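Please open the structure in your viewer and keep the selection tool at hand. The tour below proceeds from one selection to the next and describes what is found at each stop.

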Amino acid sequence: MQRPLQEKIATRSLRVAVIGLGYVGLPLAATFAEVGFHVTGIDIDQQKVDLANRGESYIPDISSSTLQALLDTKHINFTTDFAILNDIDAVSICVPTPLRKTRDPDISYIISATQQVKEHLHPGQLVILESTTYPGTTDEVLLPELEATGLKVGVDFFLAFSPERIDPGNPDFATHNTPKIVGGITPACTELAQAFYGAAIEKVVPVSSAGVAEMVKLLENTFRAVNIGLVNEIAIICEKLSIDVWEVIDAAATKPFGFMRFLPGPGLGGHCIPVDPHYLSWKLKTLDYTARFIELAAEVNSSMPHYVVNKIGEALNEQRRSFNGATVLVLGVTYKRNVGDVRESPALDIISQLLARKAIVLYNHEYIPSLALHNETFYSQPVSSSLLQAADCVVIVTDHSYYDASWIIREARCIVDTRNLTQGHNDEKIFRL
Ligand SMILES: NC(=O)c1ccc[n+]([C@@H]2O[C@H](COP(=O)([O-])OP(=O)(O)OC[C@H]3O[C@@H](n4cnc5c(N)ncnc54)[C@H](O)[C@@H]3O)[C@@H](O)[C@H]2O)c1
């Protein structure tokens, strides 16, 4: 079984499916198609499938022209019909792994995708889970489900975990040049998954098991969450000491070894850093262990929107204004610069807290024309001198490259800067994190 797949990989005759065509799946599907595989993207969202089939990309990291070129050469197509899996040799699962309201993992999307794969599982098929999840998911959830077909892993079909590492908006690293970790259920599974990704990705790093591969991803994202938590706390400490945290970080970052630059900010956002560590801490709770660093970092990071709102209060106070009736202009609502993703963005929390204090909230964001919050729809306002002048407080939540700091400082009456966009400008009207 393994040999024919190896040959198909080498001759590019392998038929590939990617399940879940979001930030991860659509670029991954395109990466496989670009090296000559025939790829079918599968999603339950008909609108996404229709857009993709028309060559209209809805993911900033993949251009419509790239997509159209792959459609023209018939290297890619998109469908909502899972029956195509009957003809597929290798399938990557890239469905969401959010948290429930209780902050417990919601692996229902993985379960539902696995059931679809199971229905069409056939001898020789390679199945890879890419969604971030807790260690043990591939072994404990996917494997029993797929083996219930009577097919045996490592012999009849192959199963591995390979975490996605994309960094949306990163101009230097995309799917093809970001090293890929693979860990199979058996050595044969690892070997095949390595050969498969090796065809499209510059460097593939095999590890000894699916559990190790799952844990690698959680270490990477927990590392970020904890270090961001640390630097956020350092920002709070520096404020108490009347020391500029940004200057401290810049100076510390001159150390060529043993220090890594992390920046404070208004709080965590996106689908990964605020979510993934909870997958690990949840798993540890089932083993009667508290993942203390994760819990502490989450506590500090999730308090940052509140900290920013307090800072806005101080800034308004300096102008003898209260929140009630003050106009607050929020610049940037995504969780990081130059992306169009508002999932888990701290801006949403900041805006909610401002509204609860009866402020009048306006926002600007080039890629987010409207924002639905608390049964109300807000519309992005074009930034103009008059808008900046009219606001009682301008809050920089995301430091998009299209924001001109000098102009904002010149026009605004008062600025709360959570990202150090106003670096180098010293003015009493600037309240920096
Ligand atoms: N976005 C990132 O930067 C990033 C980076 C690394 C890892 N990840 C991980 O990758 C996974 C996917 O994340 P994403 O950001 O691409 O999510 P996303 O929400 O952008 O896309 C997921 C897609 O899966 C589809 N889907 C849901 N259930 C399905 C099903 N049963 N069958 C077929 N399609 C289904 C949805 O319609 C959606 O289009 C998550 O586990 C995430 O943690 C994301």
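Select Asp-276, which lies in helix H10, a helix of residues 276-286. The model is a predicted one. Is Asp-276 buried or exposed? Its relative accessibility is 1%, and residues under 20% count as buried, so Asp-276 is counted as buried. Now display the residues in contact with Asp-276, leaving aside neighbours within four places in sequence: they are Thr-132, Lys-217, Leu-218, Asn-221 and His-271. Among these contacts, Asn-221 deserves its own selection. Asn-221 and Asp-276 are 55 residues apart along the chain, and 6.7 Å separates their C-alpha atoms.

**Helix H11**

Next, select residues 292-318, which form helix H11, and find Ile-294 within the helix. The relative accessible area of Ile-294 is 8%, so this residue is buried. Which residues does Ile-294 contact, apart from its neighbours within four places in sequence? They are Thr-222, Pro-277, Leu-280 and Ser-281. Two of these, Pro-277 and Leu-280, fall within the residue range 276-286 of helix H10. Add Ala-225 to the selection: its C-alpha atom is 7.6 Å from that of Ile-294, although their positions lie 69 residues apart along the chain.

**Helices H5 and H6**

Move to Thr-114, a residue of helix H5. With a relative accessible area of 2%, Thr-114 is buried. Beyond the residues up to four places away in sequence, Thr-114 touches Leu-142, Glu-145 and Leu-146.

Now select helix H6, residues 137-147. Which residues of H6 are buried? The buried residues are Thr-137, Thr-138, Val-141, Leu-142, Leu-143 and Leu-146. Two of them, Leu-142 and Leu-146, are also contacts of Thr-114. To see what covers the buried residues of H6, show helix H5 (108-120) and helix H8 (210-240), together with the strands E4 (90-93), E5 (126-129) and E6 (158-161); the cover includes these elements.

**A residue in a loop**

Select Arg-419, in the loop that joins strand E14 (415-417) and strand E15 (430-432). Its relative accessibility is 18%, and the limit for a buried residue is under 20%, so Arg-419 counts as buried. Not counting residues up to four places away in sequence, Arg-419 touches Trp-246, Gly-265, Pro-266, Tyr-335, Ile-396, Val-397, Thr-398 and Asp-399. For another pair, select Pro-274: Arg-419 and Pro-274 are 145 residues apart along the chain, and their C-alpha atoms are 18 Å apart.

**Two positive phi angles**

Go next to Arg-103, in the loop between E4 and H5. Arg-103 is not a glycine, yet its phi is positive, at about 70°. Its relative accessible area is 40%, so Arg-103 is partly exposed.

Then select Asn-338, in the loop between strand E9 (327-331) and helix H12 (346-356). What is the phi of Asn-338? The value is near 60°, which is positive in a residue other than glycine. Asn-338 is partly exposed, with a relative accessible area of 28%.

**The cavity**

Rolling a probe the size of a water molecule over the atoms shows where empty space is left. How many cavities of 30 Å³ or more does a search of the whole structure find? The search finds one. The space in the largest cavity is about 30 Å³. To locate this cavity, select its lining residues: Pro-163, Glu-164, Arg-165, Thr-175, Thr-178, Pro-179 and Lys-180. By class, three residues of the lining are charged, two are polar and two are nonpolar.

**The whole chain**

Finally, clear the selection and view the entire chain, which has 14 helices and 15 strands. Along the principal axes, the C-alpha atoms fill a box of roughly 75 × 50 × 45 Å. The radius of gyration is 24 Å, which agrees with the value near 22 Å for a compact globule of 433 residues. Of the 433 residues, 52% are buried. Among contacts with a separation of 6 or more, 68% join residues 24 or more positions apart. The chain exposes about 19300 Å², and carbon and sulfur atoms supply 53% of this area.

Methods: Residues numbered from 1 in each chain as written. Predicted model: local features only at pLDDT ≥ 70, side-chain atom pairs only at ≥ 80, totals over all residues. Heavy atoms only, no water. 1 Å grid on protein atoms, 1.4 Å probe; cavity = no way out; pocket = protein on both sides within 12 Å on 5 of 7 lines; lining within 4 Å. Points joined across faces, edges and corners; volume = space filled by probe spheres on them. Nonpolar A, V, L, I, M, F, W, Y, C, P; charged D, E, K, R; others polar. Helix = DSSP H or I, 4+ residues; strand = E, 2+ residues; numbered from the N terminus. Rg over C-alpha atoms; globule rule 2.2 N^0.38 Å. Buried < 20%, exposed > 50% of the residue type's maximum accessible area, 1.4 Å probe, protein only. Contact = heavy atoms within 4.5 Å. Areas by Shrake-Rupley, 256 points an atom, 1.4 Å probe, with all protein chains shown as cover.
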